Each structure stands twice: as C-alpha cells, then as structure tokens.
Amino acid sequence: MAEVTLRDVARASGCSVATVSRVLAGTRPVGAETARTVREAAERLGYRPNQVARALRSRSTGTVGLVLPQITNPFFPALVRELEHALHAEGRAVLLADCDDDPVTEAARIGAFLERQVDALLVIPVDERRSRDAVASAAARVPLVLLDRGCGPGVADSVAVDNAAGMALVLEHLAATGRRRPCFVGAAGTASAAVERRTAYEAGAGALGPEAAGRVELGDFSVEWGRAAVDRIWPSGPAGRLDALVCANDLIAVGALQRLRQLGADVPGEVVVTGFDDIPLAGLADPALTTVRQPAAELAAEAAWLLARQPAGGGVGSRRTVRLAPELVVRASSGSGATPAK
C-alpha cells in the first residue's frame, strides 16, 4: 500500500499542503474548523508523519539515548519504564544501551548514540571516576542528565535519591528495634551510590555500638555476593554474633536472606536484614524485605525536566543537582515486633 502523504491529506480536506502541514505540526495557529477538517481527513486516510523527514527538517531526531550499567539489576528496568512514560509524554522516544558495568563499553555506547544524533542523553554511570571523561565530553555536545549515580561536581546535571538520608532511616529503625551489632554489606569500587551508602553507614553506625562502624564487608551489587557475605561473617556459635545486616541494595539482601535461612538462622529474631531500592523482589522475599524505597517516578520526572531546561547543543554552564527523599518500607525481615536474640 502506498504511503499517504501530506498532498493526499490536502486533496481530501480541500486545503493547501502548507495549511495541512501547519495543522499537523502545530507550528502556527489555524482556524478551528479548518484544523478539524484536516485532522479528520488525516485520520480517515491513515496518515502517519514521516519522522525521518521531520528530523531532517528540524535537525531533531526526537530521541533520547539511555545508557545504564547492567539491565539485570531489577531496579533499572523499573526506572526505565518510568523514564519511557515521562519522555513519551513529551513526544520523545528512548533508545537503550546496556554497558555490562564496563566503563570502556559505556564510553563506546555514549559515542554510538552521539553518532546517531540523539537529541539528549541520560546516563547511569558505571563508576564515578572512570565514567567522568566520556560523560563530560558528551555533556558538552548534547543535553545530558546523570541518573541515580554521579560523576563528581560540575560534570552534568544529576538527579538521585538522597542515599545518606536513606541510610539514616535504616539506622534509626535498627536503633528503635534494639539492634546494636550491625554489619554493612555493600559494593566495592567508586560507583557513587555504593560510596554514599557505605559512607553514611560508617558515619551513623557508631550510635548503635562502638564497633559497628568498622563492620563493613564489600563485594558487588549481586545476590551471589549476599550469600557469600553471610558465609564470611555469620559465625557458628552465638557469642558475638551480629544482630543486623545492612545491605547496600536489595539483591545483596535477598542473597543474604537465602543463605541465612539455609544456615537455620532466625530472621528477624536473631538477625534482621535490610536492603535498599525496593525492587519488586523485595516484597516477595521470605521473609519480606525491609528496604529503602527509591521514588522511581519522581526520578524520571525530574530527569525529563532537567533535560528540557538545557540548550539543544549542550555545553558548559551551571549544573543542577537534585536529591529526592527516600522512604523506609518496614516488612517482616526487620519487623518492629522482632526482639533481638540474647
């Protein structure tokens, strides 16, 4: 079937091609009756705008490139969904690239998006330091916003949850339930979320006990590391046993819960477990996981707003940093009714 053109719509509506173009593009005001006639003709004929031709005329592709570290982390698909909704409402499409937690691959993906002439970029950087050069270079060319993680001050606009506030909520909850011997199970490296959560734990855990801040085990953001961490830190006898595992994300926490159950530990009687992110799996864990909820919809909306306020050509200018308030979701893994084992 031949493609329906503006000329076909003009012929069917009895209007000029220029008038049809103005109505469908919304570039100039047109009388209400004329606009209605044109739209009815376009719908009747099944007219669809040629986005490639429109992009050539406007020098805008209507696309935003999204580069993320690892799509298998369940928090990221939830965030991608909210981003797609927020940007679709503005008439923009999202192109997705996974870089498998590798800064070199990340730089290549960013470069590929620039070659495809995306209008803007959203980046969840792999590493605060090693991602910085590629991000800064791209931010000088197109509007760019960093999501969930940062690359240091002044590199680009960024929006993320307040990780320090989230960790403070966890520590306050532990204190309220009588826990005094926690251990932080986090991720090594310099991804900003990992560093901020660990730093906040170390800064606040001293209020629970004199040795709490020094109890830190680092691996990666995975279920496997959560299991392995329990084998490293859970002793066979009760003397000196930990009474709380503060995990840097929900995947670590789920792995820790699985291994504790295999070892016969009473959760939350002997030991409570907390996570961070509130991925869908958190509520399905056994027991259901207490965690810090990130406001994914708000993160997406703020990112879209930050992109919209930047000039089309990118460039160096004032940078905005947005930090959103987290929420503690208390579930059975640390339920307030749990009493620490003596």
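Ala, Val, Leu, Ile, Met, Phe, Trp, Tyr, Cys and Pro count here as nonpolar, Asp, Glu, Lys and Arg as charged, and the others, Gly among them, as polar. By that scheme the lining of the largest pocket in this predicted model consists of ten nonpolar, seven polar and six charged residues. The pocket holds about 410 Å³ of space. Its lining comprises 23 residues, of which D101, R149, A187, D220 and F221 are the closest to the centre.

The enclosed spaces come next. Rolling a probe the size of a water molecule over the atoms shows where empty space is left. Searching the whole structure gives two cavities of 30 Å³ or more. The largest cavity has a volume of about 80 Å³. Its walls are formed by N73, F75, F76, D148, R149, A193, R197, F221, N249, D277 and Q294. Helices α5 (75–88) and α9 (192–204) each contribute at least two residues to this lining. Sorted by class, the lining has four nonpolar, three polar and four charged residues. R149 and F221, named above among the residues closest to the centre of the largest pocket, also line the largest cavity.

The second largest cavity contains about 40 Å³ of space. It is lined by D148, R149, G150, S158, V159, A160, N163, S192, E196 and R323. Strand β5 (157–161) and helix α9 each supply at least two of these residues, and β5 gives the most, with three. The class split is two nonpolar, four polar and four charged. D148 and R149 belong to this lining and also to that of the largest cavity.

One wall residue of the largest cavity, Q294, can be followed further. Q294 sits in the loop between β10 (291–293) and α13 (296–308). Is Q294 buried or exposed? Its relative accessibility is 5%, so Q294 counts as buried, the cut-off being under 20%. The Q294 side chain makes a polar contact of 2.8 Å with the side chain of D277. Neighbours within four places in sequence aside, Q294 touches F75, D148, V161, R197, F276, D277 and L299. Among these contacts, F75, D148, R197 and D277 are themselves lining residues of the largest cavity.

Another wall residue, N249, leads to helix α11. N249 caps the N-terminal end of α11, with a side-chain oxygen 3.3 Å from the backbone nitrogen of L251. The helix covers residues 250–262, 13 in number, and spans 18 Å from its first C-alpha to its last, close to the 18 Å expected at 1.5 Å a residue. Which residues of α11 are buried? They are D250, L251, I252, A253, V254, G255, A256, L257 and L260. These buried residues pack against β6 (182–187), α10 (223–233), β8 (244–247), β9 (272–274), α12 (280–284) and β10. After α11 comes G264, which has a positive phi, near 80°.

Strand β9, one of the packing partners of α11, includes V272. With a relative accessibility of 1%, V272 counts as buried. Outside its neighbours within four places in sequence, V272 is in contact with L174, R179, D243, A244, L245, S333 and S334. The C-alpha atoms of V272 and L289 are 9.4 Å apart, while 17 residues separate the two along the chain.

Terms used
Residues numbered from 1 in each chain as written. Predicted model: local features only at pLDDT ≥ 70, side-chain atom pairs only at ≥ 80, totals over all residues. Heavy atoms only, no water. 1 Å grid on protein atoms, 1.4 Å probe; cavity = no way out; pocket = protein on both sides within 12 Å on 5 of 7 lines; lining within 4 Å. Points joined across faces, edges and corners; volume = space filled by probe spheres on them. Helix = DSSP H or I, 4+ residues; strand = E, 2+ residues; numbered from the N terminus. Buried < 20%, exposed > 50% of the residue type's maximum accessible area, 1.4 Å probe, protein only. Polar contact = N/O pair within 3.5 Å; in protein donor to acceptor, adjacent residues only side chain to side chain. Contact = heavy atoms within 4.5 Å. Expected span 1.5 Å × (residues − 1).
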